[in-house]
Amino acid sequence: MPNPIKLIIDTDPGIDDAMAIFYAAAAADIDLLGLTTIFGNVTVSQATRNALRLLEWAGLHDVPVAQGAAKPRALPPFAPSHNVHGSEGFGDMPAETPKGKAIAESAAEFLTRMAREHRGELVLCPIGPLTNIADALDLDPEFATNVARIVLMGGSLEEGGNITPHAEANIYHDPHAAERVFASGARIEMVGLDVTHRILCTAQDFNTMEAAAPRLGGMINKMSRFYLHFYTTVGKHDGCSLHDPAAVIACTHPELFTPRAVPITVACEGETSGATLIATDGRATSQVFVATRADAVKQQYMDVMAQLD
Ligand code: BDR
Ligand code: CA
């Protein structure tokens, strides 16, 4: 097997974030160098607490967590998405205090330092609002070229939105940051709703995960009940989307996705705020994933999760 990729996940855990982080912990082709935290599904202090707990549950005690932004760049703060992820982030599971602490560096400081130290090798996978990534771009003019790829969960080219008819939640929660990132010239791969809405897991799939890996798979199974219930409240009865795991899988298995080179801009106001649109200002293209072998992505997820515990 080739060397594992060096990965940092920027996250707002969050149920599907937990699914993604446990996947990264179990995947032999991923070397997880750190987590950075962001507001979104929960507050940023809850995100940091949850990120630390996830790493401790997975036995990754040496993986650092750096705390990031508490609110969007220009918009007023958003209330956390309690209806989707529960009041503490993991559905009905109660909050737990981690043993460890976040490092002293901010998320943007940690990201810029790690991108410098692993120039051309670091893969960054943001699975929450993009504020920390925009802050890192502002902090270090070389960040866009130091980082190898930014494989982000967010946006939608032709699928419409999930938080408004036009916008996907991560982009909607900080459109100004997302615009900064898409205009940066960094090598970007967008894992948006065009593909994540195709990759669905059912209650039966989560039961299978628990049977294979009773401790951590069982935890994901428990959290997933709340998430699956939310999906039924919006009329989706065929399972929940593996949004954030799909982005992590795209970091190591791009062959499971079909890219289209598109320059992306983000609407920052009005009814369409948070929509990812085709830019006409000559900016660099992003690789937008427009189709996926959904069954193969799900199988990849299940196979790696079976190695947990
Ligand atoms: C994204 O929004 C959050 O609720 C999920 O964790 C995921 O990152 C999906 O739109
Ligand atoms: Ca997320």
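A residue is called buried here when its relative accessible area is under 20%, exposed when it is over 50% and partly exposed in between, as judged with a 1.4 Å probe and protein chains only. By this standard Asp 12 and Ile 127 are both buried. The model is a predicted one, in which local features need pLDDT of at least 70 and side-chain atom pairs count only at pLDDT 80 or more, while totals for chains, interfaces and linings use all residues. Residues are numbered from 1 along each chain as its sequence is written, chains are lettered from A and ligands numbered from 1 in the order in which they are written, and side-chain values use heavy atoms, with hydrogens and water left out.

Asp 12 and Ile 127 take part in the metal site. The calcium ion (ligand 2) has as protein donors Asp 12 (OD), Asp 17 (OD), Asp 17 (OD), Ile 127 (O) and Asp 244 (OD), at 2.2 to 2.6 Å. Donors are N, O and S atoms within 2.8 Å of the metal, or 3.2 Å for Na, K and Ca; water is not among the atoms, so sites may look incomplete. Along the sequence, the donor residues follow the spacing D-x4-D-x109-I-x116-D. Distant parts of the chain are thereby linked: Asp 12 belongs to the loop between β1 (5-11) and α1 (15-26), and Ile 127, 115 residues apart from it, to the loop between β4 (122-126) and α5 (131-139). Helices (H or I, at least four residues) and strands (E, at least two) are DSSP runs, numbered from the N terminus.

The loop between β1 and α1 also holds Gly 14. A cis peptide bond, with omega of about -10°, joins Pro 13 to Gly 14. Most peptide bonds are trans, and most residues other than glycine have a negative phi. Asp 309, in the segment after α13 (294-305), has a positive phi near 90°. Asp 309 is partly exposed, at 47% relative accessible area.

Asp 244 leads from the metal to ligand 1. A polar side-chain atom of Asp 244 lies 2.6 Å from an oxygen atom of ligand 1, and a polar side-chain atom of Asn 162 lies 2.8 Å from an oxygen atom of this ligand. For His 85, a side-chain N or O atom is 3.1 Å from a ligand 1 oxygen. Taken alone, ligand 1 exposes 280 Å², of which the protein buries 94%; such areas come from the Shrake-Rupley method with a 1.4 Å probe, and for residues only the protein chains shown count as cover. Two or more residues of the shell around ligand 1 come from each of α1, α7 (169-172) and α12.

Helix α12 (residues 243-252) is mostly covered, with 10 of its 10 residues buried; among them are His 243, Asp 244 and Cys 251. Helix α8 (residues 175-182) is also mostly covered, and six of its eight residues are buried, including Pro 175, Glu 179 and Phe 182.

His 197 lies in the loop between α9 (193-196) and β7 (200-201). This histidine counts as buried because its relative accessible area is 15%. The side chain of His 197 makes a polar contact of 2.9 Å with the side chain of Glu 159. A polar contact is a pair of N or O atoms within 3.5 Å; within protein, one must be able to donate a hydrogen and the other to accept it, and residues adjacent in sequence count only if both atoms are side-chain atoms.
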